[in-house]
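Me: I would like a close look at one part of this model. Please pick a single residue, explain its backbone and its partner, and then set it beside similar cases.

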Amino acid sequence: MISDGAEHRTPVTGITADTGHLALLSWSRFLLASYRTRRDRTGSWENNAMVYSPGGYPMGHICIGDAIDYVLTDRDGGIWTSHGDEAIHGNHPASREGLARWNTDGAQTWGPLGRGRLPVLPLGGIAGATEENTAWLGWYSHEGSFLSRVDSSDGSITSYRHPLKNSDGIAVRGTRMVLSHQFHNRPGVELNRAELVDNTWVITSQEQLRLPEPVTRRCVQGRDGVLWIRGGDTWVQIEA
């Protein structure tokens, strides 16, 4: 953590080789999650996420679905996940819809087919962001890519065509959006800006961003109109 120009490191235990997702929670807690889960000998799904205290101590071990493409969290401590085709065509019931919201006890609190409808069935996740009490979930399908805006207060969904074929990060502020696309093992990042015009996201500009080190995979996060991009030990902050 960086505060007032000083770096603070928190030792963390319980990190395994398949831990690939980090997300912030309310009250300075944080979440670490693995990509996959499986059934144990009793038939129950194994836990694949850990809630940590601000000091880095485990507070709870939970399951948040299988084949997780990305994880994001909202102000109320909700955990949003997108799931790949291994889960959508698999056996974990909460992962089959492709998108889900969980609480920190591991209970599913939202699914897209129960309270609304998506244009088509998702096949996997692209990127996600939160904006106050709203979650923006990017996903792809056989019919192209989409962005779904979910109001966490009532679970309602509004979906739009995704303006790009490839993006790994988004941040939204009102009718403005910034989208990133990284180049594997290279310090270059393509940034696109978009505006919501007549219910359609339209790209308005494009620029190239160069970081001191290559962008770290799955270390691009959008939160309240700001896109955070990590390259090595450097975090870059981009305003939507």
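Reply: Here is a walk around one loop residue, followed by some comparisons.

The model is predicted. Start at Asp224. This residue sits in the loop between strand E19 (215–223) and strand E20 (226–231). Look at its backbone. Asp224 has a positive phi of about 50°, yet it is not a glycine. Why point that out? Because most residues other than glycine have a negative phi.

Next, how open is this spot? The relative accessible area of Asp224 is 26%. Buried would require under 20%, and exposed would require over 50%. Asp224 therefore counts as partly exposed.

Now turn to the side chain. Side chains of opposite charge can pair when their charged atoms come close. Asp224 has such a partner, Arg75. Their side chains meet in a salt bridge, with 3.4 Å from N to O. Where is the partner? Arg75 lies in the loop between strand E7 (68–73) and strand E8 (79–83). The two residues are 149 apart in the chain, and the pair links distant parts of it. Arg75 is partly exposed as well, with a relative accessible area of 47%.

So how many salt bridges does the structure hold? There are six. Two others are useful for comparison.

Take Glu207 and Arg193. Their closest N and O atoms are 3.8 Å apart. Glu207 lies in strand E18 (residues 200–210), while Arg193 lies in strand E17 (residues 188–197). The pair therefore ties together parts that are 14 residues apart in sequence. Glu207 is partly exposed at 37% relative accessibility. Arg193 is partly exposed at 25%.

Then take Arg38 and Glu46. Their side chains also form a salt bridge, at 3.4 Å from N to O. Arg38 counts as exposed, because its relative accessibility is 57%. Glu46 has a relative accessible area of 31%, so it is partly exposed.

Finally, return to the backbone. Trp27 also has a positive phi, about 60°, and is not a glycine either. Trp27 lies in the loop between strand E3 (19–24) and strand E4 (30–34). Is Trp27 buried or exposed? Its relative accessibility is 69%, so it counts as exposed.

Back to the chosen residue, then. Asp224 combines two features: a positive phi and a salt bridge to Arg75.

Note on methods:
Residues numbered from 1 in each chain as written. Predicted model: local features only at pLDDT ≥ 70, side-chain atom pairs only at ≥ 80, totals over all residues. Heavy atoms only, no water. Helix = DSSP H or I, 4+ residues; strand = E, 2+ residues; numbered from the N terminus. Buried < 20%, exposed > 50% of the residue type's maximum accessible area, 1.4 Å probe, protein only. Salt bridge = Lys/Arg side-chain N within 4 Å of Asp/Glu carboxyl O.
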